[in-house]
Amino acid sequence: MTPAPRTCESCGRRIEWRKKWERSWDEVRYCSTACRKRRVGPTDRALESAILDLLRRQRSGGTVDVADAVRVVAGPDTDAGALTEPARRAARRLVASGDVEIVQRGSVVDPSTARGPIRVRRAR
């Protein structure tokens, strides 16, 4: 029997069990070497806070575009494009913690496989 999947602490994607991790599954925290090197920094936490703050301002059931959180954190003098993927990772981590859901075209989607523009809403 294989153990339940985990969530990467850096990118928020699902980590599937692998045979090579059989003895160390309890210590697995990251899905890849890139995520282990990247980890979660102050900008990542700021993006998470921005997403949650924008959701608090929404009416019940409202959604927020992750690009709005990028604009809040980046400010006028920063390249917002560089923060797009970190914002998506922040949204996936919030899904893993149970705070939000990722939505596309009004339907909740799997954060590990979502492609294209995403919106975020409070978890129901």
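# The sheet and its covering helices

In this predicted model, 2 bridges join strand β4 to strand β5, and the two run antiparallel. Strands (E, at least two residues) and helices (H or I, at least four residues) are DSSP runs numbered from the N terminus, and two strands are said to pair if DSSP finds at least two bridges between them. Because the model is predicted, local features need pLDDT of at least 70 and side-chain atom pairs count only at pLDDT 80 or more, while totals for chains, interfaces and linings use all residues. Residues are numbered from 1 along each chain as its sequence is written, and side-chain values use heavy atoms, with hydrogens and water left out.

## Overall build

The chain has 4 helices and 6 strands, which follow one another from the N terminus as β-β-α-α-β-α-α-β-β-β. The radius of gyration is 15 Å, close to the 14 Å that the globule rule gives for 124 residues, so the chain is as compact as a globular protein of that length; the radius is taken over C-alpha atoms, and the rule is 2.2 Å times the number of residues to the power 0.38. Along its principal axes, the C-alpha trace spans about 45 × 30 × 20 Å. Of the 124 residues, 35% count as buried, where buried means under 20% relative accessible area, exposed means over 50%, and partly exposed lies in between (1.4 Å probe, protein chains only). Contacts, defined by heavy atoms within 4.5 Å, often link distant parts of the sequence: among those between residues at least 6 apart, 45% join residues at least 24 apart.

## The sheet

The strand order in the open sheet of 4 strands is β3-β6-β4-β5, with antiparallel pairing. At its edges stand β3 and β5 (107-108), each with a single partner strand, so one side of each is left without a neighbour in the sheet. The pairing of β3 with β6 extends over 3 bridges, and there Thr63 stands opposite Arg121 of β6. β6 also pairs with β4, over 4 bridges, where Arg121 is the bridge partner of Glu101. On the β5 side, Val103 has Val108 as its bridge partner; β4 and β5 form a hairpin with 2 residues between them, and Arg105 in the turn has a positive phi of about 50°.

How many of the residues of β4 are buried? The count is 5 of the 5, so β4 is largely enclosed by the rest of the structure. Both of its faces are covered, with Val100, Ile102 and Gln104 buried on one side and Glu101 and Val103 on the other.

## Helices α2 and α4

The table compares the spans of two helices, the expected value being 1.5 Å times one less than the number of residues.

| Helix | Length | Expected span | Distance between end C-alpha atoms |
|---|---|---|---|
| α2 (42-57) | 16 residues | 22 Å | 23 Å |
| α4 | 13 residues | 18 Å | 19 Å |

The buried residues of α2 are Asp44, Leu47, Glu48, Ala50, Ile51, Leu54 and Leu55. They cover an arc of only 160° around the axis, which puts them on the same side of α2; this arc is that of the directions from the helix axis to the C-beta atoms. Pro42, Arg56 and Arg57, on the other side of α2, are exposed. The buried residues of α2 pack against β3 (63-65), α3 (66-74), α4 (84-96), β4 (100-104) and β6 (119-122). α2 lies across β3, β4 and β6, at about 65° to β6, and α3 lies across β3 and β6, at about 60° to β3; axes are lines fitted to C-alpha atoms, for helices over the stretch in contact, and angles run from 0 to 180 degrees between N-to-C directions.

In α4, the buried residues include Pro86, Ala87, Ala90, Ala91 and Leu94, as well as Arg88 and Arg89, and the buried residues of this helix pack against α1 (33-38), α2, α3, β4 and β6. Just after α4, Gly98 takes a positive phi of about 90°.

Two arginines of α4 can be followed further. Arg93, in α4, is buried with a relative accessible area of 9%; leaving aside residues up to four places away in sequence, Arg93 touches Glu9, Ser10, Gly12, Val40, Asp44 and Glu48. Arg92, also placed in α4, is buried with a relative accessible area of 3%. With the exclusion of residues up to four places away in sequence, Arg92 touches Cys11, Gly12, Arg13, Glu85, Ile102 and Pro111. The C-alpha atoms of Arg92 and Ile51 are separated by 11 Å, although these residues are 41 residues apart along the chain.
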